[in-house]
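Welcome! Take a moment to turn the model around on your screen, and then let us walk through it together, step by step.

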Amino acid sequence: MSTSQNGSTLERARGLMREVAKFGAVGGLGVLVNLGVFNLIRHTTDLQVVRASVIATVVAIATNYLGFRYFAYRDRAQSGRTRELTLFAVFSVIGLVIENGVLYTATYGLGWDGPLASNVLKFIGIGVATVFRFWSYRTWVFKALPVPAAASLVVEQRTGQDAARAPEPARK
């Protein structure tokens with residue numbers, strides 16, 4: 001591999017690590033909101049476990065959108081906000097189903113519905129859904145902007161080709 005390829009690979013790896021860190025910061029806040037709202041609802045109401053979890057997940061999704069749009073992915077394309085919100089909602093609902101499907105299966109399928117078990121299983125469901133959300137949000141919702149350097153390289157190449165084709169000035 002050449003040095004420039006190593007540099008670009010290293011830069012991509014660094015960029016991905018920064019993205020994962022920002023996603024993790026927003027997601028960490030979302031987990032706290034999710035578990036906090038879940039436990040608040042569970043201890044102050046008579047709602048069933050999964051219903052309380054769905055409400056908590058929806059509150060966390062709203063919190064996360066703000067964090068992703070204005071912190072983690074603020075440098076990404078901001079055109080088409082309706083499209084962005086629609087895709088975010090679709091992928092968030094899929095994540096909600098994944099997250100709460102784990103809790104539903106454990107609660108109603110296995111009978112694990114104690115407070116500790118519910119929190120542990122909710123946390124596991126959040127983890128599984130997070131992998132899906134990271135992939136879908138970065139791939140479909142908050143698309144990366146094209147790299148400006150690549151565009152200028154194409155312009156330079158074309159300019160160089162045009163200059164090579166241009167006739168030489170007449171000599172006196």
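Let us start with a pocket. Helix α1, helix α2 (49-72) and helix α4 (115-141) each supply at least two residues to the lining of the second largest pocket. That lining is made up of 18 residues, and those nearest the pocket's centre are G27, N64, I126, T130 and R133. Sorted by class, the lining holds 8 nonpolar, 8 polar and 2 charged residues. How much space lies in the second largest pocket? The answer is about 230 Å³. You may wonder how a program finds such a place: rolling a probe the size of a water molecule over the atoms shows where empty space is left.

Now step back and look at the whole protein. Please keep in mind that this is a predicted model. The protein has 5 helices and 0 strands, and reading along the sequence gives the pattern α-α-α-α-α. There are 172 residues in the protein, and 29% of them are buried. Try picturing how the chain meets itself, too: among contacts with a separation of 6 or more, 74% join residues that are 24 or more positions apart. On the outside, the accessible surface comes to about 11,000 Å², and carbon and sulfur atoms account for 68% of that surface.

Next, let us go inside. The largest nonpolar core has 15 residues, and the ones that touch the most other members are F23, F68, Y73, F88, Y137, V141 and F142. Helices α1, α2, α3 (81-109) and α4 each give two or more residues to this core. Apart from it lies another core of 10 residues, including I41, A56, A106 and L121.

F23 is a good residue to zoom in on. You will find F23 in helix α1, which covers residues 3-44. Is F23 buried or exposed? Its relative accessible area is 7%, so F23 counts as buried, the cut-off being under 20%. Leaving aside neighbours within four places in sequence, F23 is in contact with F68, A72, Y73, T130, R133, F134 and Y137. Look at Y137 in particular: F23 and Y137 are 114 residues apart along the chain, yet their C-alpha atoms are separated by 9.9 Å. Notice also that T130 and R133, two of the contacts of F23, are among the residues nearest the centre of the pocket where we began.

Another buried residue is waiting in helix α4, where S118 has its place. With a relative accessible area of 1%, S118 is buried. Not counting residues up to four places away in sequence, S118 touches F38, R42, V49, L103 and D113.

Two more residues give us a contrast. T63 sits in helix α2, and T63 is partly exposed because its relative accessibility is 25%, which falls between the 20% and 50% cut-offs. Beyond its neighbours within four places in sequence, T63 is in contact with L29 and V33. The C-alpha atoms of T63 and G27 are 9.4 Å apart, although 36 residues separate them along the chain. G27 should sound familiar, as one of the residues nearest the centre of the second largest pocket.

Finally, find G101 in helix α3. G101 also counts as partly exposed, at 27% relative accessibility. From C-alpha to C-alpha, G101 and K122 are 9.5 Å apart in space, with their positions 21 residues apart in sequence.

Definitions and conventions
Residues are numbered from 1 along each chain as its sequence is written. This is a predicted model: local features need pLDDT of at least 70, side-chain atom pairs count only at pLDDT 80 or more; totals for chains, interfaces and linings use all residues. Side-chain values use heavy atoms; hydrogens and water are left out. Helices (H or I, at least four residues) and strands (E, at least two) are DSSP runs, numbered from the N terminus. Buried means under 20% relative accessible area, exposed over 50%, partly exposed in between (1.4 Å probe, protein chains only). Contact means heavy atoms within 4.5 Å. On a 1 Å grid over the protein atoms alone, a cavity is a set of points where a 1.4 Å probe fits but cannot get out, and a pocket is an open set with protein on both sides within 12 Å along at least five of seven lines; lining residues have an atom within 4 Å of a point. Grid points are joined across faces, edges and corners, and a volume is the space filled by probe spheres set on the points. Ala, Val, Leu, Ile, Met, Phe, Trp, Tyr, Cys and Pro count as nonpolar, Asp, Glu, Lys and Arg as charged, and the others, Gly among them, as polar. A nonpolar core is a set of buried Ala, Val, Leu, Ile, Met, Phe, Trp, Tyr and Cys residues joined through side-chain atoms within 4.5 Å. Accessible areas come from the Shrake-Rupley method with a 1.4 Å probe; for residues, only the protein chains shown count as cover.
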